[in-house]
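Happy to look at the enclosed spaces in this protein with you. Have the chain in view as we go.

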Amino acid sequence: MLTTDVGIAELLITARGAFVLTDEIEEGRLRTEELPQGLEIIACRWTEKPAAWDRVVRELSGGGAVASDRPAPGEVSLPQELIAARSSLQPEELARYAALGKAAAEAMTDVLAAAKPEWTEYQLAGAGAEALWGRGIEPALTLAAGERRLPIYRHPTPSAEKLRGRAMLVFCGRRHGLFANLTRFVEFRAGRGEPGARTELDHEVAEVEADALDALHEGVELGAIYDVLVRAYARVGQAGQERAHHQGGTCGYGSRDVIAVPGSKVRIARNNAVAFNPSLPGAKIEDTFVVAPEGLQLLTVDPRWPSREVRGRRRPDVLRR
């Protein structure tokens, strides 16, 4: 569900096996369409939640200690080792993630290739959500801004304003629990030249990102990456801009699992997904990568989208129409 931070089922793992706790509303659909073989479903009446689930947990745990990502009274938090293990994606997860990233990027291309300057931000965000849903991707977040609002807000929820000369679209799309995060820009100025100030901001924000991507490797702390970003903003003449917007961090089963902040000791795991999003007024860059042993792997990529080389990597350019 997009409107809550919990789902319609819980997974209980014991020495005896794995159990799905849900209610009778969801049982049939989960059994038929979503769950793999080997998971026992325990369903209660919807009026009996969450007491019925708590009772099942106590019975199946045999009175032993229960660890949870959302501890109820008498339970404890999950051990940090287990939380960290979730960040290291397995081959099956990486395959699903690559397919998701490709589909989300293709949805973005289709929408911005069709967008018109007279569209409102609502229309752009709506077209983005439609393109994602059409690919089986839940639009957990779609941000959109046109020419006037772009330089003002770093997190522009859509409005009734028209796009006019330039627009940004942001996706956080979820499928199979995984999140693909990306940002793209379209410019409706074909044949009229490119404003120099905007070109420079796009260049600067790509340079800031490049410093962070160069520093990424297994084992590096998020606090160290944040420090790299701070220095990068200063290097391009934009000191302090990191304070205007969070800079992203690790992702996977959250649009951001852990956001990079000063002093963070959270370490990048092997095959950890990341999405950093440095920004300046009216400019931003964002994609989802995996920090693999052989190097960074870009997930949110569509070859149709215009790109440019930034320090040996193909990075998204502005789509000029």
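The questions below take up its cavities and the residues around them.

This is a predicted model, in which local features need pLDDT of at least 70, side-chain atom pairs count only at pLDDT 80 or more, and totals for chains, interfaces and linings use all residues. Residues are numbered from 1 along each chain as its sequence is written, and side-chain values use heavy atoms, with hydrogens and water left out.

Q: What makes a space in the whole structure count as one of the cavities of 30 Å³ or more?
A: On a 1 Å grid over the protein atoms alone, a cavity is a set of points where a 1.4 Å probe fits but cannot get out. Points are joined across faces, edges and corners, and the volume is the space filled by probe spheres set on them. Three cavities reach 30 Å³ or more; the largest holds about 110 Å³, and the second largest about 60 Å³.

Q: Why is Phe 185 called a lining residue of the largest cavity?
A: Lining residues have an atom within 4 Å of a point. Phe 185 is on that list, along with others including Asp 202 and Arg 308. Phe 185 also lines the second largest cavity, as does Lys 284.

Q: Which element gives the most to the lining of the largest cavity?
A: Strand S8 does, with three residues. Strands (E, at least two residues) and helices (H or I, at least four) are DSSP runs numbered from the N terminus. S8 spans 178–187, and helix H6 (196–215) also supplies at least two lining residues.

Terms used:
1 Å grid on protein atoms, 1.4 Å probe; cavity = no way out; pocket = protein on both sides within 12 Å on 5 of 7 lines; lining within 4 Å.
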